[in-house]
Amino acid sequence: MTPSRNNASAKAVKGAWQRKTAALVCVSAIFALMVPPLARAQEAQQEAPRGPVQLIPQNLPEVPEGSEAPGESDAGAAAPLSLYPGGAAPKAPSLPPRQISPRPGALESGIEVGVLGDVGEASIGLLTEDQGGLGARMWQGTSRREVERLLPELPAPLFQPSLHDLQYRLLLSSAAPPQGATAGQSILYLRLERLMAAGESEAVRRLFAGRERVKADAGSAKLRAEAFLAAGDVKEACRSLDLLPVGSDPLGDPLAAFSLKLTALCQAEAGEVIAANLTADLAREQGMEDALFYSLLAQKTDGLKLDAPAPERLNPLRYALYLGAGRALPADAVSLAEPSLLADMMRRDGLDMGLRIQAGEKAVAAYLAAPHELAALYAGAKLPKKPDEAWQARAALYKTLSDESVPGDKAVLVSGGLAAAETSEDFRMLARVLGPIIASIPPRGGDPVLGGHFVRALIVNEERVRASMWLAALSEAGHRTPQLDELKGMVRFLTGKRGVEPDLAAASTELKLRIGEGGRVRAVAAREALLLDALGYQLSPDLWAALLDSGELPDGLMPGPQLLRALEEASAAGRRGEAVLLTLALPGKTGLGNLHPQALANMVSALLKVGLREEAFRLALDALLAASEAGRVPPA
């Protein structure tokens with residue numbers, strides 16, 4: 001291209017900016033979501049059980065916040081399935097009429113703005129069935145309206161690997177969309193929103209990479225932009241601008257407010273300082289109050305650091321602005337950060353090491369980063385002589401273990417670190433980071449508490465053989481506690497998951513003894529028995545009689561009967577996507593640990609019916625781990 005043509009192109013871009021600014025000013029002037037009656041287990045003993053044994057007492061508490069909608073249904077149709085009180089689900093933002101032309105991108109900046117295209121938005125994904133997806137026909141026979149109602153209720157972030165894996169695969173499978181009547185929701189938006197809520201911004205970026213012709217609604221375009229902002233990639237985020245609303249009131253339309261802020265950031269990134277400042281002025285004139293945004297933008301464009309309040313939360317746009325302005329993140333940034341930012345914060349050189357480690361711990365706990373990445377940060381951290389924060393203590397433990405050569409001393413250190421974990425999420429995270437070290441320590445039978453910590457950690461890491469060796473060493477030493485019995489039961493699920501039949505006669509005898517002990521020991525044994533039954537194992541009839549004769553039936557929060565009935569119908573019909581969707585939605589905010597074992601058994605049975613055997617075993621194992629006391633063995 002000749003210099004004259006370069007000059008002409010530059011003048012054309014400058015003219016476009018001038019027309020853009022004028023149009024924005026003109027626009028500113030215009031606007032100021034029970035099973036059928038349950039048979040008692042005594043009746044089930046007359047013949048071999050079909051499906052999960054039913055052990056449900058009267059007047060169970062239901063999953064809070066409404067697991068089904070009480071609203072009226074369409075004429076002649078069953079009441080619509082919904083997890084929302086009143087049956088109303090939030091709608092994806094819609095795209096208002098476009099009023100002005102595409103935004104920034106000085107020719108020299110390399111920032112391009114354009115429509116993403118016309119590929120079927122609901123069918124795109126990262127996973128084919130051969131790659132772990134749920135199949136191109138996973139929604140066949142499923143009502144689109146029910147998918148629209150249930151997708152927004154999926155929990156996020158997820159700390160159990162079985163649920164995390166199922167949800168990741170559900171949301172990223174390449175599949176034909178569900179058919180039928182729609183409530184106007186964008187399936188792409190609903191999928192992206194749950195991925196971002198779970199922290200899977202990297203998956204969202206991969207979803208769009210190389211797909212330049214994806215047809216996206218305004219809400220999906222915003223989430224796409226946020227996914228790239230979460231990695232500090234402003235240039236790629238700006239490619240979503242054309243699909244964002246222009247000219248709407250930023251005070252009444254969050255999408256319009258985001259669009260205006262992103263416009264200013266893209267202009268600043270392109271070196272168009274005057275245009276960025278004009279856009280900021282326009283935002284002020286329209287009454288948009290965000291002192292932190294204006295302060296960060298001014299620092300990026302003019303190097304001015306204006307006073308501004310600390311953020312109440314750290315979203316992708318603010319994160320990108322902090323990075324672009326070269327301003328240090330707040331000391332409490334990790335507690336303020338949305339899950340979508342955690343992995344990038346962990347990996348970003350230049351950030352405070354304490355912030356990186358804290359972000360890394362949360363990212364590993366939510367299965368957003370690999371344990372070895374956090375281990376590397378632990379190894380490289382400069383720590384005070386006396387750690388006064390939990391992350392410092394864990395980093396110091398890792399460093400000490402790396403230098404220790406005596407297996408017995410290592411075992412004591414590992415046990416102490418695991419015992420100090422305050423939550424089950426912390427226990428799982430540390431067990432995974434210390435996995436190679438734990439696997440290298442020979443079994444010891446002298447201390448049942450220490451041994452229990454190791455067995456539990458090995459179960460978390462699905463190290464069935466090593467966990468069995470530790471249990472054998474503890475048994476040979478004469479140790480038997482209710483907690484060790486629970487762990488032995490969990491190893492049975494790992495055995496079945498590997499396709500090896502567990503010893504059911506021994507299992508029935510052990511479970512019957514535990515049921516006879518009563519209290520919490522009995523409750524956990526009942527949960528284990530129901531899950532084994534749901535997986536298709538025929539336990540002794542004497543076990544069920546003992547359970548019914550020993551006191552109250554199992555307790556826990558029970559989803560509404562409509563949801564359980566829907567799960568049964570979907571799995572019986574082989575509607576895989578719908579069965580997985582309902583399995584994920586059933587726990588709600590209560591989690592697996594507080595859910596009634598009958599509901600858990602129905603979830604496990606449903607996964608088996610749609611051909612997800614390994615996933616059913618993983619879910620059962622996670623349910624047992626979640627029900628155990630804070631994810632660790634308490635002192636004897």
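Select helix H23 (residues 482-497) together with helix H30 (residues 613-627): these two helices pack at an angle of about 170°, with their axes 9 Å apart. Helices here are DSSP runs (H or I, at least four residues), numbered from the N terminus. The axes are lines fitted to C-alpha atoms, for helices over the stretch in contact, and angles run from 0 to 180 degrees between N-to-C directions. H23 is therefore roughly antiparallel to H30, a term used for angles over 145 degrees.

The model is predicted, so local features need pLDDT of at least 70 and side-chain atom pairs count only at pLDDT 80 or more, whereas totals for chains, interfaces and linings use all residues. Residues are numbered from 1 along each chain as its sequence is written, and side-chain values use heavy atoms, with hydrogens and water left out.

**The contact of H23 with H30**

Display the side chains of Met490, Phe493, Leu494, Gly496 and Lys497 on H23; on H30, display Arg613, Glu614, Phe617, Arg618, Ala620, Leu621, Leu624 and Leu625. These residues make the contact, where contact means heavy atoms within 4.5 Å. They divide into 8 nonpolar, 1 polar and 4 charged. In this division, Ala, Val, Leu, Ile, Met, Phe, Trp, Tyr, Cys and Pro count as nonpolar, Asp, Glu, Lys and Arg as charged, and the others, Gly among them, as polar.

Next, select Gly499, in the loop between H23 and helix H24 (504-517). Gly499 is exposed, with a relative accessible area of 52%. Exposed means over 50% relative accessible area, buried under 20%, and partly exposed in between (1.4 Å probe, protein chains only). Draw a distance from Gly499 to Arg613: the two are 114 residues apart in sequence and 9.8 Å apart in space, C-alpha to C-alpha.

**Ile459 and the nonpolar core**

Move to Ile459, in helix H21. Is Ile459 buried or exposed? At 1% relative accessibility, Ile459 counts as buried. Leaving aside residues up to four places away in sequence, Ile459 touches Ala467, Leu487, Met490, Val491, Leu494, Leu621 and Leu625. A second distance may be drawn from Ile459 to Phe493, which are 34 residues apart in sequence and 9.8 Å apart in space, C-alpha to C-alpha.

Ile459 is also one of the residues with the most contacts inside the largest nonpolar core, as are Leu170, Leu229, Leu262, Leu314, Leu329 and Met345. This core has 175 residues. The largest share of this core, 9 residues, comes from helix H9 (residues 254-269). A nonpolar core is a set of buried Ala, Val, Leu, Ile, Met, Phe, Trp, Tyr and Cys residues joined through side-chain atoms within 4.5 Å.

While H9 is on screen, select Lys261, which is found in this helix. Lys261 counts as buried, at 16% relative accessibility. Its contacts, not counting residues up to four places away in sequence, are Met288, Asp290, Phe293 and Leu317.

**A covered helix**

Now select helix H6 (residues 201-208), which is mostly covered: 6 of its 8 residues are buried. Which residues of H6 are buried? They are Ser201, Ala203, Val204, Arg205, Leu207 and Phe208. Add H4, helix H5 (187-197) and helix H7 (218-229) to the view, as they are included in what covers these buried residues. Gly210 follows H6 and has a positive phi, near 80°.

**Backbone features in loops**

Select Pro157, in the loop between helix H3 (144-150) and helix H4 (161-172). The peptide bond from Ala156 to Pro157 is cis, with omega near -10°.

Continue to Tyr367, in the loop between helix H15 (353-365) and helix H16 (371-380). Although Tyr367 is not a glycine, its phi is positive, about 60°. Tyr367 is buried, with a relative accessible area of 19%.

Glu462 is found in the loop between helix H21 (448-460) and helix H22 (464-476). This residue, likewise not a glycine, has a positive phi of about 55°.

**A second helix pair**

End with helix H27 (residues 561-572) and helix H28 (residues 576-585), which pack at an angle of about 150°, with their axes 8 Å apart. H27 is thus roughly antiparallel to H28. Show Leu563, Ala566, Leu567, Ala570 and Ser571 of H27 with Glu578, Ala579, Leu582 and Thr583 of H28, the residues that make the contact. They divide into 6 nonpolar, 2 polar and 1 charged.

Terms used:
Parallel < 35°, antiparallel > 145°, perpendicular 65-115°, else oblique.
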